[in-house]
Amino acid sequence: MRTILIEDEPLARDELRYHVVRAGLDVIAETGHVGEAEQLVRTLQPDLVFLDIELIDGSGLDVAKRLQSMPHPPAILFVTAYDTHALEAFELNAYDYILKPYDPSRISRAIEKIMRKPAPKTPRIERLAVESGDQLKLLSPQDVDYIVAENGKTKLVTRSDAYPSNDTLQELEKKISGHRFLRVHRSYLVNLAAIEAIEPWFNGAYTIKIQQIDVPVSRTYVKVLKEALGI
């Protein structure tokens with residue numbers, strides 16, 4: 001299973017990674033920050049998340065609540081040094097609640113519990129309906145290079161044209177969550193396959209080249225972008 005570790009203590013995260021990899025899971029990303037955690041999960045679409053409750057800049061419980069809005073939320077295993085949040089964790093549909101220090105057999109049992117549960121089958125949206133003149137045109141998400149929200153209007157941009165949409169950027173983000181799109185800015189979703197180049201900008205921000213257009217990448221999304229591209 002593709003797995004993300006969300007743990008703010010480096011030593012604890014190293015230990016958790018060791019046990020998880022030994023159990024045969026694929027760790028695709030790690031972080032200890034709330035905002036970064038949510039972006040990584042929404043972008044990389046893991047099967048399983050190990051989630052600490054006490055994070056550097058907030059609560060893992062809040063992260064779990066927001067992830068419930070995903071069309072395909074991952075399985076969540078809470079890991080924590082405290083047992084006071086167990087009830088709230090299970091109310092958020094957590095598969096298990098693992099206390100520190102880590103017990104390898106306890107982690108293995110929790111993973112087995114998840115692997116025994118059949119994954120729900122949910123349809124993935126394969127076409128996006130947009131207005132084109134007096135008709136509705138059906139776009140394949142793969143043909144969309146980026147989506148931008150400007151002046152209260154949303155636009156889907158392909159290689160050959162741009163189409164207005166009645167959906168908000170947030171609504172479109174949910175619809176195409178099964179495809180390789182990434183939010184890189186509050187106003188932009190980009191197709192990772194359409195990125196031609198990445199350039200440093202200023203104050204730790206970047207710009208992406210798509211169709212010779214400069215798409216801004218906010219600092220908060222830089223690490224998520226690099227993780228998604230494997231750089």
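The following passage describes a parallel sheet, two helices that lie across it, a buried serine and an aromatic pair in a predicted model.

Because the model is predicted, local features need pLDDT of at least 70 and side-chain atom pairs count only at pLDDT 80 or more, whereas totals for chains, interfaces and linings use all residues. Residues are numbered from 1 along each chain as its sequence is written, and side-chain values use heavy atoms, with hydrogens and water left out.

Five strands form an open sheet with parallel pairing, in the order E2-E1-E3-E6-E7. Helices (H or I, at least four residues) and strands (E, at least two) are DSSP runs numbered from the N terminus, and two strands pair if DSSP finds at least two bridges between them. The edges are occupied by strand E2 (26-31) and strand E7 (96-99); each has a single partner strand, so one side of each is left without a neighbour in the sheet. On average, neighbouring strands of this sheet are turned by 20 degrees against each other, direction ignored. Within the sheet, strand E3 (residues 48-52) pairs with strand E6 (residues 75-80) in the parallel sense over five bridges, and Leu48 has Ala75 in E6 as its bridge partner.

Helix H1 (residues 10-22) lies across strand E1 (2-6), E2, E3 and E6, and runs at about 165 degrees to E2. Helix H3 lies across E3 and E6, at about 175 degrees to E6. Axes are lines fitted to C-alpha atoms, for helices over the stretch in contact (heavy atoms within 4.5 Å), and angles run from 0 to 180 degrees between N-to-C directions.

In H3 (residues 60-67), Gly60, Leu61, Val63, Ala64 and Leu67 are buried (under 20% relative accessible area, 1.4 Å probe, protein chains only). These residues cover an arc of only 155 degrees around the axis, which puts them on the same side of H3; the arc is that of the directions from the helix axis to the C-beta atoms.

Ser165 is located in strand E12 (residues 162-165) and counts as buried at 15% relative accessibility. Leaving aside neighbours within four places in sequence, Ser165 is in contact with Thr154, Leu156 and Leu172.

One aromatic pair is found in a search of the whole structure (ring centres of Phe, Tyr or the six-membered ring of Trp within 6.5 Å; planes under 30 degrees apart count as stacked, over 60 as edge-to-face and the rest as tilted). The ring centres of Tyr146 and Tyr188 are 6.1 Å apart and the planes stand at 45 degrees, so the pair is tilted. Tyr146 belongs to strand E10 (residues 144-150) and Tyr188 to strand E14 (residues 188-191), so the pair ties together parts that are 42 residues apart in sequence. Tyr146 is buried at 10% relative accessibility, and Tyr188 is buried with a relative accessible area of 13%.

How values were computed:
Buried < 20%, exposed > 50% of the residue type's maximum accessible area, 1.4 Å probe, protein only.
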